[in-house]
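Me: I'd like to go through this fold with you, one piece at a time. Shall we take a look?

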Amino acid sequence: MSYQNLRVLDFHVHFPTSARWFGQSAPQPRRSPEAEQAVRGYADALRRDWRLAWDFPEPEQEAHTDEEQADRWAAEVDRYGLEAVVFVTGGGNENLARVVARHPRKFIGFAHHNPFEEGAAVELERSVNELGLRGYKIIAPALEKPIDDRAAYQVWEKAAELGIPVLIHFGILGGGGGVSRHVNMDPLRLHDVARDFPTIPFVIPHFGCGYVRETLHLCWSCGNVSVDTSGSNQWIRWMPDDLTIKQLFRKYLETIGYEHIIFGSDSSWFPRGFAVRYLQDQIRDCRELNLAADQLDAIFYGNAARLLRLAGD
């Protein structure tokens, strides 16, 4: 299959499960109910504006089983001519493994448990060797400890042993009105870990998500760090200088090179499904930057396929 004569592997999708996406309860806010309502109201207003700007429908409210959602996502893969999609979250490792097993030629799954939970390294090994998951996803600003805390080193040792990619979200979290202050906000927090485990391919999503300078400095120091392009990257509107996705592509191309840029969409919910708008805009930007055919193939397929060790790549 192909999209506009390109192979496309989406490296960053969230499976819209009826379970909690990470398979565990989120920490409860310490705010009063009144304060929580005000925070949510502000976030909801910003997200409505974002959907209007992108002409996205509101997320559906009706419930669907995970089996139904898996079949809908398999249809999206076919509709848009995608090679496969990588679900980086999906209601816990067991749940996501069942989803992937329903359409194994179209779906790839990542483990997504807390690296600081008891037995996290053992769970990572089980998720890869027994459940068939092929990477590890962490949202750093949702963790209770710094990402470079020694308590997680057994997890990094296991990831290196397994030879899997590790996708770690840094930067602002949760869309407009979300979290913008946390000990793990800055990607440079990964510096020591990435240098201590140079064989682990770390990927920072969303072009660094508001922390472009820090991501570039991390990549300058650590050759095992790549970026993904996923999402609307609405954070660029909240930067002090004018910035575009095309400018981000140019900057990363001239620093880390096309070999370390990986396409992702950050798609999840229906009725939007696969956010093809992101793919179209990014292909246009890359073509206008005069990337060669092999460079386009690397960004939209080959780099991800290499990290995932797909057969034939």
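**Walking through the fold**

Phe202 stands opposite Val225 in strand 7. Keep in mind that this is a predicted model.

Me: Let's stay with that spot. How many bridges hold strand 6 and strand 7 together as a parallel pair?

Reply: Phe202 faces Val225 of strand 7. The strands concerned are strand 6, residues 202–204, and strand 7, residues 225–228. They run in the parallel sense, and the number of bridges is three.

Me: Which strands are at the edges of the sheet that has the order 4-5-6-7-8?

Reply: That sheet is open, has five strands and is paired in parallel. An edge strand here pairs on one side only. The two that do so are strand 4 (136–139) and strand 8 (261–262).

Me: And the three-strand sheet: which strands have one side without a neighbour there, and why?

Reply: This one is also an open sheet, with the order 1-2-3 and parallel pairing. The end positions each have a single partner strand, so one side is left without a neighbour in the sheet. Those positions belong to strand 1 (9–14) and strand 3 (107–109).

Me: By how many degrees are neighbouring strands turned against each other in the 1-2-3 sheet?

Reply: The sheet in question is the open one with three parallel strands. Taking the average and ignoring direction, the turn between neighbouring strands is 30 degrees.

Me: Which residue of strand 3 does Val85 stand opposite?

Reply: Strand 2 covers residues 84–89, and its parallel pairing with strand 3 runs over three bridges. Val85 has its opposite number in strand 3, and that is Phe107.

Me: Which helices lie across strand 1, strand 2 and strand 3?

Reply: One candidate is residues 66–79, running at about 120 degrees to strand 3. Another is residues 293–308, at about 70 degrees to strand 1. So to speak by name, they are helix 2 and helix 10.

Me: Are helix 9 and helix 10 roughly parallel or roughly antiparallel?

Reply: Helix 9 (residues 276–288) packs on helix 10 with the axes 11 Å apart, at an angle of about 155 degrees. Angles over 145 degrees count as roughly antiparallel. That makes the pair roughly antiparallel.

Me: What is the handedness of that crossing, and how do the contact residues divide?

Reply: The crossing of helix 9 and helix 10 is right-handed. Helix 9 brings Leu279, Gln282, Ile283, Cys286 and Arg287, while helix 10 brings Leu296, Ile299 and Phe300. By class, that gives six nonpolar, one polar and one charged.

Me: How about helix 4 and helix 5: at what angle do they pack?

Reply: The two are residues 120–129 and residues 153–162, with axes 8 Å apart. Their crossing is right-handed, and helix 4 comes out roughly parallel to helix 5. The angle is about 25 degrees.

Me: How many charged residues are in the contact of helix 4 with helix 5?

Reply: From helix 4 come Ala120, Ala121, Leu124, Glu125, Val128 and Asn129. From helix 5 come Gln154, Val155, Lys158, Ala159, Glu161 and Leu162. Seven of the contact residues are nonpolar and two polar, and the charged ones number three.

Me: Which residues of helix 8 touch helix 7?

Reply: The axes of helix 7 (residues 212–221) and helix 8 (residues 245–253) come within 12 Å and cross at roughly 20 degrees. That makes helix 7 roughly parallel to helix 8. On the helix 7 side, the contact uses Val212, Thr215 and Leu216. Helix 8 answers with Leu248, Lys251 and Tyr252.

Me: Any backbone oddities? Which peptide bond is cis?

Reply: Look in the loop between strand 8 and helix 9, where Pro271 sits. Omega is near 15 degrees there. The cis bond runs from Phe270 to Pro271.

Me: What is the phi of Asp55?

Reply: Asp55 is in the loop between helix 1 (33–54) and helix 2. It isn't a glycine, yet its phi is positive. The value is about 60 degrees.

Me: Last one: what radius of gyration does the chain have?

Reply: The chain has ten helices and eight strands, and its C-alpha atoms fill a box of roughly 55 × 45 × 45 Å along the principal axes. For 313 residues, a compact globule would be near 20 Å, and the chain agrees with that. Its own radius of gyration is 18 Å.

Notes
Residues are numbered from 1 along each chain as its sequence is written. This is a predicted model: local features need pLDDT of at least 70, side-chain atom pairs count only at pLDDT 80 or more; totals for chains, interfaces and linings use all residues. Side-chain values use heavy atoms; hydrogens and water are left out. Two strands pair if DSSP finds at least two bridges between them. Helices (H or I, at least four residues) and strands (E, at least two) are DSSP runs, numbered from the N terminus. Axes are lines fitted to C-alpha atoms, for helices over the stretch in contact, and angles run from 0 to 180 degrees between N-to-C directions. Contact means heavy atoms within 4.5 Å. Angles under 35 degrees count as roughly parallel, over 145 as roughly antiparallel, 65 to 115 as roughly perpendicular and the rest as oblique. A crossing is left-handed if the near helix is turned anticlockwise from the far one by less than a right angle, and right-handed if clockwise. Ala, Val, Leu, Ile, Met, Phe, Trp, Tyr, Cys and Pro count as nonpolar, Asp, Glu, Lys and Arg as charged, and the others, Gly among them, as polar. The radius of gyration is taken over C-alpha atoms; the globule rule is 2.2 Å times the number of residues to the power 0.38.
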